[in-house]
Amino acid sequence: MAITEKKPSTKYTVGAQYICFNEDPDWDAAEYESDVLKLPTVVDIDIADNSDSYESYASGAVYDSDTIVTYKEISVTQLAFDETTIAKMKGDTVDSGIIMSGGIKTRPFFAYGVPIIKKDKTMDMRWFPKCKLVDSSDKTATSTDSHSDQTDSLTIRAYGFDADQNQEVKVLTADTNNAGITEAAFFAAPVLTVAAAKALRPTT
């Protein structure tokens, strides 16, 4: 059996975040808004699986085992964020720069996207098509003689969006098949299928 060695590129930075709201309160793959919002404000991002593992025993031994990922939790720290967008994420009423917030609101679904840029300039471009805002921080401190960035955080939950309960579509540009897919093309609209991702490959 041969040994194959790989030397993957290290992470360099996180790119901008992309948000596209779904117009159906119950979520519909065909009901995204036509506009995608790009915010180059991300300081750091943490994406974690919420999983449940189990083992079935029979005849004194493990008969079967499996792990189910029920959702992904996305924690984002950012330098700034558009107030009307976060209000919309919360389901608040927004009217010409006036926001009515609080109470019982239905939070809309939205697609959330972000590229992770590697040192060799390749990217892991990621769409989470079915998300809701779970939590957000709003903290401000006084200015001082020394500069200190004031950041806020968002916690976003990505749910299963298809029959297989996939929660994410990721395109790796390190793969030569995807080398021609640009960030602008991938994030122009939410991508929900392998076929849709492949369709972004440039034709020769």
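**Briefing on a predicted protein model**

Tyr159 sits in the loop that runs between S10 and strand S11 (169–172). The model is predicted. The protein contains three helices and 11 strands, and 32% of its 204 residues count as buried. The points below begin with overall make-up, then turn to the cores, the aromatic residues, the first helix and two loop residues.

**Overall make-up**

- Read from the N terminus, the order of elements is β-β-β-β-β-α-β-β-β-β-β-β-α-α.
- The C-alpha trace spans about 65 × 45 × 40 Å along its principal axes.
- Among contacts with a separation of 6 or more, 59% join residues 24 or more positions apart.
- The exposed area of the protein is about 13,000 Å², and carbon and sulfur atoms supply 49% of this area.
- There are 32 negative and 20 positive side chains, and the centres of these two sets lie 6 Å apart.

**Nonpolar cores**

- In soluble globular proteins, nonpolar side chains tend to be buried together.
- The largest nonpolar core has 20 residues, and the members that touch the most others are Ile19, Met89, Phe110, Tyr112 and Ile156.
- At least two residues of this core come from each of strand S2 (17–21), strand S5 (61–78), helix H1 (83–90), strand S8 (110–118), strand S9 (123–136) and strand S10 (152–158).
- S8 gives the largest share of this core, with four residues.
- Another core lies apart from this one; it has 19 residues, including Tyr18, Cys20, Phe109 and Phe186.
- Phe110 of the largest core touches residues from several parts of the chain: beyond its neighbours within four places in sequence, Phe110 is in contact with Ile19, Cys20, Phe21, Asn22, Met89, Phe128, Pro129, Lys130, Cys131, Lys132, Leu133 and Ile156.

**Aromatic residues**

- Five aromatic pairs are present in the structure.
- Phe186 and Phe187 make an edge-to-face aromatic pair, with 4.9 Å from centre to centre and 85 degrees between the planes.
- Phe186 and Phe187 are both buried.
- One aromatic cluster is formed by Tyr18, Trp127, Phe186 and Phe187.

**Helix H1 and the residue after it**

- The buried residues of H1 include Thr85, Ile86, Ala87 and Met89.
- Gly91, just after H1, has a positive phi of about 85 degrees.

**Tyr159**

- Tyr159 counts as partly exposed because its relative accessibility is 27%, between the limits of 20% for buried and 50% for exposed.
- Leaving out neighbours within four places in sequence, the contacts of Tyr159 are Tyr71, Phe109, Lys130, Lys132, Asn166 and Gln167.
- Thr70 is 89 residues from Tyr159 in sequence, yet their C-alpha atoms are 7.4 Å apart in space.

**Asp120**

- Asp120 lies in the loop between S8 and S9.
- Asp120 has a relative accessibility of 43%, so this residue counts as partly exposed.
- Asp120 and Asp152 are 32 residues apart along the chain, and their C-alpha atoms are separated by 30 Å.

Notes
Residues numbered from 1 in each chain as written. Predicted model: local features only at pLDDT ≥ 70, side-chain atom pairs only at ≥ 80, totals over all residues. Heavy atoms only, no water. Core = buried A, V, L, I, M, F, W, Y, C linked by side-chain atoms within 4.5 Å. Buried < 20%, exposed > 50% of the residue type's maximum accessible area, 1.4 Å probe, protein only. Contact = heavy atoms within 4.5 Å. Areas by Shrake-Rupley, 256 points an atom, 1.4 Å probe, with all protein chains shown as cover. Lys, Arg positive; Asp, Glu negative; His and termini not counted. Charge placed at Lys NZ, Arg CZ, Asp CG, Glu CD. Phe/Tyr/Trp six-rings, centres within 6.5 Å; stacked < 30°, edge-to-face > 60°.
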